[in-house]
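User: Please take a close look at a single part of this model, the place where a helix packs against a sheet, and then set that part in the context of its chain and of the partner chain. A connected account would suit me better than a list.

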Amino acid sequence: MTNKALTSLPSRFSVSNHDRNGSTMSLSSTHSARIFIVDDDPALSILLTTLFTKNGYQVTTARDFHTAKQQLEREAFDLILLDVNIIYGNGLDLLSYLRQSLQLATPVIVISAVHQEATLIRSLELGADDFVYKPFNPHDLVKQVAAILA
Amino acid sequence: MWRRLGSYFYHVILLAVVVVELAALAALVSTFVFYFRSGGVFTDYTFLKIALGTSLLCILALIFHTVFYPEISDHFDFRHDRQYQAWLQRWTNVLFKLEDLPPKPLPPVAVKALLDQRALLIGTDASLLDSLVAFYQLDQQWLKGLKSRRLDRRLAALAALEAAVLPQTLPAVLAQMHSRNLLVRISAARCAVRILAAVPDLHPRHKAVLLFVRTLVKARVPAGMLESILSLEVRASVPILECLFQRQSLPADLLQPVIAAVGNLRLVEMAAKVATYIETPVPAVRVTVLQVLVKLGYFPPAAWPVLRQFLYDTNLAINLQAVRLLMLLPLERSKPLLWESLGHLRWEVRCETVFALLQYGPLGIQLVNEAVQEHPVPAAVQIASQFQTNPGLPINARVQEWLGTIV
């Protein structure tokens, strides 16, 4: 019954019975978290893709607003890394679309190269979970992502 | 590269077409002149034939350029992007120890990818990429580029050094701030600020900061550019600005951008230092000082005795900034001067005063309404009546009402 309940969740849990007598159960991860990276800069996109793939995550990328929007409508992700500047639009508009139109509570980390308080406040108002300024320490970002997904 | 070559090629063809067409025209004219002089018999067609042939070739080349060049250029762009992304992937793999170092020498696209990757990182990964710059002796190449006679090479070297931010290259970069070329001076100043931001434990008495400030004072960088350069990196700009303020005297052309940069970076802790220049004799600098004080929200005690003088200065910008500075005070303190400036000779100042009063909320609005009834200056009554409103109304309705009055 527990197995049925847990497997019905869209998350990464499974139940397996390791005890032949049927007395103990364990939870294990069946698939890694899926991260969606929206960034127009190939340098950052490649860096993050390699970094998170190396750390066992599944990564999908998009460079422009429209592709990212379509991708978000089609697929569910566990976390989104969103750059403020993207092709054909703004990252914050995409965040607003995600929260208001799609009504999704997927955790979002906003990335920006410009140290502007206004952008930071706006993104947090729109529902961003965290904010990262470029340049950044990739290992800290991995820890941040792990903390949000935990 | 190919774009530059394409552009050169296009201009050469254009020049050739014009020259050849002129030559063909001259040949035609001369041929016809000889034709008529020799009684209707053509004597020499050779020059005419060569001119027409070359002209045809040039036109064909021009058509080829117009039709095929965009295609060729797109192809090169695509190839370059693919190579660039491949190099980005390669450097990322090197960074995460998934691949060995590529062999020397590196193509330009690899260097660009390395610098772009470096610009994204801080910490140990950034240090690793810095060590790669040293390993491939790229800094030596760029330093050699700084000595080149060609402007584009010097600018490219400065751009690369700006992206690489290598503290050891600072003296060579600073030397470029004395260049005869303005573009080189500006690029060198930008590059130096970026490098300084990467220097650990930077403070106003740091050797690198002192060296930069000494060079900056002597270098002729335009004020506007200097302001934007000093506003580039907070980490570098704070010690630089502090060091500049510690100097006994600063020339007016340097003082203005320095003060403006304090405002741009919102360095509230430097407000008191900016305020010391409030009575500077240069009007443009005084305007900047007042502007920055308003931006930082700091009303210096030294401003109070001179505020009335500023309100009636011949310079309109100073009058306006004085009103804005008054707004930083509580209404009971600023009221006498604001009441007075409601009747100012200049319409702009009267208008600014009303706006200042409205910013105070109900008490300010009440004062505007009182001015309609009681102000002795007719101009003050007129401007106040334009903005007269009911302080009890909700803010949106009041805004609507003001807009209606203005329209």
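Analyst: Before any angle is quoted, it helps to know that axes here are lines fitted to C-alpha atoms, taken for helices over the stretch in contact, and that angles run from 0 to 180 degrees between N-to-C directions. The model is a predicted one, and everything below should be read with that in mind.

The part to look at is helix 3 of chain A, which lies across strand 3 (34–38) and strand 4 of chain A and runs at about 140° to strand 4 of chain A. On the scale used here, roughly antiparallel begins over 145 degrees and oblique covers what falls outside the parallel, perpendicular and antiparallel ranges, so the angle of about 140° between this helix and strand 4 of chain A is an oblique one.

The strands beneath this helix belong to an open sheet of five strands in chain A, with the order 4-3-5-8-9 and parallel pairing. Its edges are formed by strand 4 (58–62) and strand 9 (130–133) of chain A, each of which pairs on one side only. From strand to neighbouring strand the sheet turns by 20° on average, with direction ignored. In general, the strands of a sheet pair through backbone hydrogen bonds, either parallel or antiparallel. Further along the order, strand 5 (residues 79–83) of chain A and strand 8 (residues 108–112) of chain A run parallel and are joined by four bridges. One residue pair can be followed in detail at this place, since Asp83(A) has Ile111(A) in strand 8 of chain A as its bridge partner.

Helix 3 of chain A also has a helical neighbour. The axis of helix 3 (residues 65–74) of chain A and that of helix 4 (residues 91–101) of chain A come within 11 Å, crossing at roughly 20°. Angles under 35 degrees count as roughly parallel, and these two helices of chain A are therefore roughly parallel to each other. Their crossing is right-handed. From helix 3 of chain A the contact draws on Phe65(A), Ala68(A), Lys69(A) and Leu72(A), and from helix 4 of chain A on Leu94(A), Tyr97(A) and Leu98(A). Sorted by class, this contact has six nonpolar residues, no polar ones and one charged residue.

Chain A as a whole has six helices and nine strands, and 29% of its 150 residues count as buried. Of the contacts in chain A between residues at least 6 apart in sequence, 52% join residues at least 24 apart.

The partner chain is built from other elements: chain B has 21 helices and zero strands, with buried residues making up 31% of its 407 residues. There, 64% of the contacts between residues at least 6 apart in sequence join residues at least 24 apart.

Where the two chains meet, 15 residues of chain B and 13 residues of chain A take part in the contact. On the side of chain B that touches chain A, the elements giving two or more residues are helix 2 (46–95), helix 3 (108–120) and helix 4 (124–135) of chain B. Helix 2 of chain B provides the largest share of that side, five residues. By class, the side of chain B that touches chain A consists of seven nonpolar, six polar and two charged residues.

A helix pair of chain B offers a counterpart to the pair described in chain A. Helix 5 (residues 138–146) and helix 6 (residues 151–164) of chain B have axes 7 Å apart and pack at an angle of about 140°, in a left-handed crossing. Helix 5 of chain B contributes Asp139(B), Trp142(B), Gly145(B) and Leu146(B), which meet residues of helix 6 of chain B, among them Arg153(B), Ala156(B), Ala160(B) and Leu161(B). This contact has seven nonpolar, one polar and three charged residues.

Two single residues of chain B complete the setting. Phe212(B), in helix 9 (residues 207–218) of chain B, counts as buried because it has 26 C-beta neighbours inside 10 Å. Beyond its neighbours within four places in sequence, Phe212(B) is in contact with Leu174(B), Ala192(B), Leu196(B) and Ile240(B). Leu25(B), by contrast, sits in helix 1 (residues 2–37) of chain B and counts as exposed, with 12 C-beta neighbours inside 10 Å.

Methods. Residues are numbered from 1 along each chain as its sequence is written. Chains are lettered from A and ligands numbered from 1 in the order in which they are written. This is a predicted model: local features need pLDDT of at least 70, side-chain atom pairs count only at pLDDT 80 or more; totals for chains, interfaces and linings use all residues. Two residues are in contact if their C-beta atoms, placed from the backbone, lie within 7 Å. Ala, Val, Leu, Ile, Met, Phe, Trp, Tyr, Cys and Pro count as nonpolar, Asp, Glu, Lys and Arg as charged, and the others, Gly among them, as polar. Angles under 35 degrees count as roughly parallel, over 145 as roughly antiparallel, 65 to 115 as roughly perpendicular and the rest as oblique. A crossing is left-handed if the near helix is turned anticlockwise from the far one by less than a right angle, and right-handed if clockwise. A residue is buried if 20 or more other C-beta atoms lie within 10 Å of its own, exposed if 12 or fewer, and partly exposed in between; C-beta atoms are placed from the backbone. Two strands pair if DSSP finds at least two bridges between them.
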